[in-house]
Amino acid sequence: MTAHTDTAGSVTTVYQVNGMSCGHCEGAVSGEISQLPGVSSVKAVASSGEVTVVSAAPLDEEAVRAAVDEAGFELAGRA
């Protein structure tokens, strides 16, 4: 995982997600993670499998895992 606190008091975390292969996949993962409390933005990139999440505070990894599972993919961990 790569996580750091931004100057605006937000936290950016990069997760690795297995199985994404297209824009629809990116949208499904982004949509589920964006529903987690405190999340302000999500950017999923299918070609690298990376999902960058900006949130007000560090997220519970199990909550992120559950959201990724709900989208039909597997959270490999933090990039």
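**Close-up views of a predicted model**

Buried residues account for 38% of the 79 residues in the protein. The model shown in these views is a predicted one.

**View 1. The whole chain, with 2 helices and 5 strands****.** Let's begin with the overall layout. Followed along the sequence, the elements come in the pattern β-β-α-β-β-α-β. Among contacts with a separation of 6 or more, 59% are between residues 24 or more positions apart. The protein exposes about 4100 Å², and carbon and sulfur atoms supply 50% of that area.

**View 2. The largest nonpolar core, made up of 20 residues****.** Which residues touch the most other members of this core? They are Met-20, Val-29, Ile-33 and Val-51. At least two core residues come from each of strand E2 (11-18), helix H1 (23-34), strand E3 (39-45), E4 and H2. As background, nonpolar side chains in soluble globular proteins tend to be buried together.

**View 3. Val-51 and the residues it touches****.** Here we zoom in on one of the core members named above. Leaving aside residues up to four places away in sequence, Val-51 touches Met-20, Val-29 and Ile-33, the residues listed with Val-51 as touching the most other core members. Val-51 also has contacts with Thr-13, Val-14, Tyr-15 and Val-17. Val-42, Lys-43 and Ala-44 complete the list of its contacts.

**View 4. Ser-55, a residue of strand E4****.** Strand E4 covers residues 50-55. Is Ser-55 buried or exposed? Its relative accessible area is 1%, so Ser-55 counts as buried, the limit being under 20%. A polar atom of the Ser-55 side chain lies 2.7 Å from the backbone oxygen of Ala-57. If residues up to four places away in sequence are not counted, Ser-55 touches Ser-10, Val-11, Gly-38, Val-39 and Ser-40.

**View 5. Glu-61 and Arg-65, a salt bridge inside helix H2****.** Side chains of opposite charge can pair when their charged atoms come close. How many salt bridges does a search of the whole structure find? The search finds 3. In this one, the side chains of Glu-61 and Arg-65 meet with an N to O distance of 3.4 Å. Both residues lie in helix H2 (residues 61-70), 4 residues apart, which is about one turn of the helix. Glu-61 is partly exposed at 23% relative accessible area, and Arg-65 is also partly exposed, at 25%.

**View 6. Glu-61 and Arg-78, a salt bridge between helix H2 and strand E5****.** The N to O distance for this pair of side chains is 2.9 Å. Glu-61 lies in helix H2 and Arg-78 in strand E5 (residues 74-78), so the pair ties together parts that are 17 residues apart in sequence. Arg-78 has 32% relative accessibility and counts as partly exposed.

**View 7. Glu-62 and Arg-65, and the network they belong to****.** The side chains of Glu-62 and Arg-65 form a salt bridge at 3.6 Å, N to O. These two residues are 3 residues apart in helix H2, about one turn of the helix. Which residues are joined into one network by salt bridges that share partners? Glu-61, Glu-62, Arg-65 and Arg-78 are.

Conventions:
Residues numbered from 1 in each chain as written. Predicted model: local features only at pLDDT ≥ 70, side-chain atom pairs only at ≥ 80, totals over all residues. Heavy atoms only, no water. Buried < 20%, exposed > 50% of the residue type's maximum accessible area, 1.4 Å probe, protein only. Polar contact = N/O pair within 3.5 Å; in protein donor to acceptor, adjacent residues only side chain to side chain. Contact = heavy atoms within 4.5 Å. Salt bridge = Lys/Arg side-chain N within 4 Å of Asp/Glu carboxyl O. Areas by Shrake-Rupley, 256 points an atom, 1.4 Å probe, with all protein chains shown as cover. Core = buried A, V, L, I, M, F, W, Y, C linked by side-chain atoms within 4.5 Å.
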